[in-house]
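Me: I'm new to this structure and would like a close look at one part of it. Could you walk me through how the two assigned domains of one chain meet, and then show me what else is worth seeing in that chain?

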Amino acid sequence: MEAAIVKKIEQIVSANRIMTGLEDLYSYSYDASFGEYLPELAVQPENAHEISQIMKLANKYKIPVYPRGSATSLSGGPLPVEGGIVLDMTRMNNKLIIDRENLLAIVSPGITTGEIHRKAEEVGLFYPPDPSSSKISTIGGNLLENSSGPKGLKYGTTKEYVIGLEVVTPEGEIVRTGGKTVKNVTGYDLTRLIVGSEGTLAIVTEATLRLIPKPKAQKTLLATFSRLVDSGYAITKILSSGILPAAMELMDNPCIRAVENFSPCGLPIDAEALIIIEVDGHPLAIQEEIEKCEELCWQVGATSVRTAKTDQERDDIWKARRMVSPAITQMGPTKISEDATVPRSQIPAMMEKLNHIRKKYDLNLVVFGHAGDGNLHPNIITDKRNIEEMKRVENAVSEIFEAAISLGGTLSGEHGIGTLKAPYMEMELGEAGLDLMKKVKEAWDPHHILNPGKIFPKAGQTKVVLV
Amino acid sequence: MNAPLKRTEPCPTPQPLSLVPKKGNRLYELAYEATNQCIQCGYCLPACPTYESMGKESASPRGRINLVKMAAEGKIDISKHLAEPIDLCLGCRACETACPVSVPYGHILESAKEVIADEQTNQNDKLKKLILKQVFPYPKRMRMLGNLTWVYQKSGLKTIVKKTKLLHKISEPMAQFESVLPEIESPVKRAKLGTIIPAKGVKKARVAFFTGCISDALLNRTNRLTIELLTLVGCEVIIPKSQNCCGALHAHQGMTENARELAKQNIAAFEETKADYYINNAGGCGALLKEYDHLLEKEEEWAERAKNFSHASKDISEVLVEFGPLPFQKEWDGVITYQDSCHLRNVQGVHREPRKLLQSIPGARFVELPGSDSCCASGGIYNLLHFEESMKILDRKMEHVEKTNATTVVTTNPGCLLQMRVGIERQGCSSQVQGVHLVDVLADACGIS
């Protein structure tokens, strides 16, 4: 980057928060997804004012800017794909106010989501969105990617909990959207537009989050099935019986075998699928609910049903789920993690299609995920240095997206579009739908400097390219 | 300035992967495979004390692993770009316990250090290597150092130095550490190498004691008490004659070859004793002793012997729990808290035993130290090499210590012990709070002085 521009940035942010060395630039060249892109500069802003000035400068000289939290993104959200400046937002972590009277949290973007969980729970409140990286990921990143986790089924995703924002626009204006009230119909709902915009419309500098009372207790069960389709029936049966579990997680047979191989949890390796169901709420109510869940699982042909009697047993059940990621990475160094989502009634059909894709391309493809809301995680374990196999992965990934959309689903339930899924946007949205989104982007960011290269496909790009 | 500035450098595009990894790059051979195990999920970030204190990605485990990978691929320079971020790592290995995919960070770190050490030729580095090569592996020279320190402490010279603030003028870190050095016991009380001390009461096991080079020189009282505690719980203790420095300091400074030589000497020395267990009381040494198997895995005639050695190596707290209970003699007064030795906790997996022992002391009120599993930033000689960074982490830790109201802060490694004593001194509460080794507390409660 030209020295004169760096000088101008030094007038905005103190020099110790500006990084130009190659060791630092390479440290901001990746996230938890795929690809490596070298930025020209990394800056650690401390307040909205600094970001505003940086954006004005970037807008004037047309320098790409990428906000970045803890870079746990699985879709390439913070990758500096066109060079320019990475804004490391982790230093903006000084505010975490829990407003007990209004059931709100007011937070800086660099605070980790886990820290919000902890502080809210200290006073009997609850911030439900629970991406598995919540101990590390920043709330700013969670908001911009509209992240969620197992609890999305009952409690909804991040967007349901954001009622107010302070943001810096691509042109450097500091703007407040929404406010402190749960009800607010004044004008367009810009808050919801920004949440999930993957950092392409604005940079969040403060957020007001809604909290709810913390559920008093949990009950958890694990059921195994000799036929995958039966686990699908169990899920739909339970959901149509008047019970809304806090989480319903599914693991397929390759997943079960990988876990048992890596860290034995006593799972039957011949089971075609298992589901973990957790209900939460008043102790008396959930006792009744978990018994009903047990009964329904048996009814649809479960081969075993185990309800945790103690906290230890509950932890053991969740251990099986937690072990999935470490277990599957033993099969290879590169993990392509997808989150194609289908209407929950289509889970068995989607599982069948995934099975077909696994066989067709002869890949290590395992499936787990949040079955209750149709959000599956097909993961392909491979080695990015194996070019031939990566070509097969490319084709398999394309087919996974096509399968999800053909079943009335979506490309991404919670990870975001980022770089890898961009080529498939038109397939889901249609030309006019995608065009409308482009117009929004144009209006907010006329020079395309805020997080360019994400969401929208490049001209002629219709397929993911991994090698 | 109205003329628009153009971005002169073209946006770098990712290089095709197939072109990158270079054979013949030593780092590539040592650690490239291991760095590729990292899935860059970032779960290690909150576990890393330097990421917390320095707040940038290159000071995190994920960042460092990536930089080693970049250097192995030839994208960055080893001396210019890799050396500093690696040098600033404490080596506490807390990241390994947080890693969901078991990336061998310790191995990556030591490989990087080895390659960096080969490239560095400045004066400081030469001096560091000279001391590591010429002092630590020579028990006699180490003991001489200890004896000189004893003379210094007893002769009144220390008082003069203190009054004139001589050391503060030479080096602030050195002055701070000198002031917290525990009182060295008379050299005549030091257990002789090669002696066998019988068990008290029924003999339950024969154990060999690893004295440790620094502990033998400067913490000889703690070593004597360790032996007494062992005999109290029914262990016959032998002190192997030709034992030597464990080699941990060498390995941490990238002098892996020297570490291997020391490992072989120790394996031979301890095999001769035919002991059931090899006991040490220093978390840092113990960690390497338990990893001799990794260190020598590629040397055919040593691999099996190293494995047996690692298997027999135990921390003092493990055997005291196994063969205890200890015959406590008196009630303890005040609150005790415990700071984990990272290498005892993260590498050896020992964290319950020291707590169990402290909780078993009659009258003791044990209060868990928040963040006790996070490094105190002693890091071998990290605190001397990176004094300011180290003190930043330590001062934060001491705020937690203060909240426990502890009057006794216990650790299980010489480096951590000195560091915590510096922390207490810096807080200005050395008159009310003591920093001691686990063994000292247990021995005191057993009425041994």
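Reply: Sure, let's start with spacing: in this predicted model, the C-alpha centres of domain 1 and domain 2 of chain B lie 28 Å apart. As for where those domains run, the domain assignment of chain B puts domain 1 at 23-120 and domain 2 at 327-445. Where they touch, domain 1 of chain B brings 10 residues to the contact and domain 2 of chain B brings 14.

Now zoom in on the domain 1 side. Two elements of chain B each give two or more residues there: helix 2 (49-54) and helix 5 (94-98). Helix 5 of chain B gives the most, with three residues. By type, the residues on this side of domain 1 of chain B split into five nonpolar, three polar and two charged.

There's also a sheet to look at in chain B. It's an open one, with five strands in the order 1-3-2-4-5 and mixed pairing. Strand 1 (196-197) and strand 5 (313-315) of chain B sit at the edges with a single partner strand each, so one side of each has no neighbour in the sheet. Further in, strand 2 (residues 205-209) and strand 4 (residues 277-280) of chain B run parallel, joined by three bridges. Look there for F209(B), which stands opposite I279(B) of strand 4 of chain B.

Finally, find helix 13 (residues 220-232) of chain B, which lies across strand 1, strand 2, strand 3 (235-238) and strand 4 of chain B. Helix 13 of chain B runs at about 145° to strand 3 of chain B.

Conventions. Residues numbered from 1 in each chain as written. Chains lettered and ligands numbered in written order. Predicted model: local features only at pLDDT ≥ 70, side-chain atom pairs only at ≥ 80, totals over all residues. Pairing = 2+ DSSP bridges. Helix = DSSP H or I, 4+ residues; strand = E, 2+ residues; numbered from the N terminus. Contact = placed C-beta atoms within 7 Å. Axes fitted to C-alpha atoms, helices over the stretch in contact; angles between N-to-C directions. Domains from an automatic or database assignment. Nonpolar A, V, L, I, M, F, W, Y, C, P; charged D, E, K, R; others polar.
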